Amino acid sequence: MRNSYRIPVSKPNLTKEDFKEIKKTFDSSWISSKSPVVEEFEKAFAKKVSKTKYAVSVNSGTSALFLALKSLGVGEGDEVIIPSLTMIASINAVTLTGATPVLVDCRSFEDFIFDLEEVEKKITEKTKVIMPVHLYGYSCEMDKLVKLAKEKKIYIVEDAAESMGATYKAKFLGSFGDASCFSLYSNKIITTGNGGMVATNNKKLFDLLRKIRFFDFNEDSHFTHHVIGYNMVLSGLSAALGLSQTKRFDKMLAKRREIFKTYKKYLIKGDKYFIPEPLKNQNPNFWFPAVIFKSKKTKEKVRLGLLKRGIETRVFFRPLNTQPVYKDLFKGQKYEKAEFLYSNGLLLPSFYELKESQIKEITSLINSFV
Ligand SMILES: Cc1ncc(COP(=O)(O)O)c(C=O)c1O
């Protein structure tokens with residue numbers, strides 16, 4: 001990621017081993033999605049990252065969400081419940097299927113956890129899927145959500161784009177839902193450049209996902225298609241990088257947690273900002289350390305002050321009900337907590353090579369600005 005920041009918010013960790021694996025695939029000439037390394041990567045990912053029986057690689061996290069919804073038969077007339085505070089990809093995947101997105105707020109002004117009481121209130125006879133988004137690696141009470149969905153006969157598709165390696169009650173996020181979707185974009189804990197993965201324990205879903213990600217091409221009759229398929233596959237070259245990165249997954253995950261701890265050590269305990277607490281039973285991956293300021297003015301002061309010194313940060317996602325592109329769909333709806341968190345939240349740099357001295361510099365600047 002080439003940019004002009006002295007300390008970028010994110011940077012992929014790329015090694016000689018990664019390059020060797022890519023070169024091996026390059027030299028074999030199996031560079032497309034037909035490469036054997038694709039399946040090798042999927043198996044390694046399922047074992048190490050999603051902790052599911054199966055994983056199906058695709059070209060982005062957005063494609064993963066779309067294909068997961070399609071494989072569950074989601075379409076026009078169905079409703080999908082999603083948080084208002086999430087990245088635009090979550091809702092775009094829903095609307096691309098023709099289904100109607102239904103929004104839910106965060107449960108408090110102190111954290112960005114999906115409000116399960118509101119989820120329950122928003123369920124109708126049209127609800128086909130609930131899609132929790134494990135924002136910045138934090139989850140809601142997944143056991144409660146699974147119980148609710150089972151009772152109501154609704155599917156769960158986890159948007160685990162940001163939550164690789166995070167756990168709830170010692171179980172990996174991405175292993176709770178009927179399907180779960182990961183992003184492998186270059187700012188994620190492990191990456192393929194661009195890419196994504198759908199994980200599932202359901203063999204039928206797995207078989208269908210493999211068909212619809214690539215035109216329903218099949219061995220028996222190559223150009224005869226029984227279901228509508230797309231071209232959303234991951235290339236062999238990308239999978240080679242993914243396979244190599246997956247081997248370092250534990251190390252990369254541990255580093256994110258260590259970075260978070262270091263931030264916590266140096267950030268002051270004052271009344272100007274706070275770090276959201278995860279649930280008691282949750283171990284987030286701390287993809288990016290999130291800080292919430294009591295006032296928007298202070299957040300902006302910090303953001304601009306860091307920027308001036310070449311330090312990049314990231315604001316929170318803009319709530320979906322306030323997105324110009326969806327303004328007609330959610331006219332008159334308000335999601336107070338999501339809107340507050342969007343105004344007042346800031347993500348701090350986190351990447352494998354970030355040094356303690358750099359965290360010290362960032363935190364002492366923040367402390368001086370507030
Ligand atoms: C919550 C969430 N969902 C979905 C996506 C989409 O992933 P991708 O960028 O790989 O399409 C992202 C991207 O980071 C995300 O943050």
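**Exercise 1. Describe how domain 1 and domain 2 are placed and how they meet**.

Solution. Taken over C-alpha atoms, the centres of domain 1 and domain 2 are 24 Å apart. This separation belongs to a predicted model. The domain assignment places domain 1 at residues 16–248 and domain 2 at residues 250–369. Next, look at the contact between them: 31 residues of domain 1 meet 33 residues of domain 2. On the side of domain 1 that touches domain 2, helix H4 (88–97) and strand S6 (167–168) are the elements that give two or more residues. That side of domain 1 consists, by class, of 16 nonpolar, eight polar and seven charged residues.

**Exercise 2. Find the largest nonpolar core and state which domains supply it**.

Solution. Start with the general tendency: in soluble globular proteins, nonpolar side chains tend to be buried together. Here the largest nonpolar core has 110 residues. Ala68, Leu69, Cys181, Met197 and Val198 have the most contacts inside it. Both domain 1 (16–248) and domain 2 (250–369) contribute at least three residues to this core. Now take Leu69 as an example. Not counting residues up to four places away in sequence, Leu69 touches Val74, Val80, Ala93, Val94, Thr97, Val129 and Val157.

**Exercise 3. Decide whether Phe112 is buried or exposed, and list its contacts**.

Solution. First locate the residue: Phe112 sits in the loop that runs between strand S3 (100–104) and helix H5 (116–122). A residue is buried if 20 or more other C-beta atoms lie within 10 Å of its own. Phe112 counts as buried because it has 27 C-beta neighbours inside 10 Å. Its contacts, leaving out residues up to four places away in sequence, are Leu85, Cys106, Leu135, Tyr138, Pro276 and Leu341. Finally, consider Ala338: it is 226 residues from Phe112 along the chain, yet their C-alpha atoms are separated by 7.4 Å.

**Exercise 4. Describe the packing of helices H2 and H8**.

Solution. Two packed helices are described by the angle between their axes and the distance between the axes. For H2 (residues 36–50) and H8 (residues 236–247), the angle is about 35° and the axes are 8 Å apart. The crossing of H2 and H8 is left-handed. From H2, the residues in contact are Val37, Val38, Glu40, Phe41, Ala44, Phe45, Lys48 and Val49. They meet Gly236, Ala239, Ala240, Gly242, Leu243 and Thr246 in H8. Sorted by class, the residues of this contact are nine nonpolar, three polar and two charged.

**Exercise 5. Compare the settings of Lys51 and Tyr136, each with a positive phi**.

Solution. Most residues other than glycine have a negative phi. Lys51 has a phi near 55°, a positive value in a residue other than glycine. Tyr136, also not a glycine, has a positive phi of about 55°.

Next, place each residue. Lys51 lies in the loop between H2 and strand S1 (54–58), while Tyr136 lies in the loop between strand S4 (127–130) and helix H6 (142–152).

Then check burial. Lys51 is partly exposed because 18 other C-beta atoms lie within 10 Å, whereas Tyr136 is buried, with 23 other C-beta atoms within 10 Å.

Last, look at what surrounds Lys51. Apart from neighbours within four places in sequence, Lys51 is in contact with Phe172 and Ser175. Thr200 is 149 residues from Lys51 in sequence and 9.1 Å from it in space, C-alpha to C-alpha.

Notes
Residues numbered from 1 in each chain as written. Predicted model: local features only at pLDDT ≥ 70, side-chain atom pairs only at ≥ 80, totals over all residues. Core = buried A, V, L, I, M, F, W, Y, C linked by C-beta atoms within 7 Å. Buried ≥ 20, exposed ≤ 12 C-beta atoms within 10 Å, placed from the backbone. Domains from an automatic or database assignment. Contact = placed C-beta atoms within 7 Å. Axes fitted to C-alpha atoms, helices over the stretch in contact; angles between N-to-C directions. Helix = DSSP H or I, 4+ residues; strand = E, 2+ residues; numbered from the N terminus. Left-handed = near helix turned anticlockwise from the far one by under 90°. Nonpolar A, V, L, I, M, F, W, Y, C, P; charged D, E, K, R; others polar.
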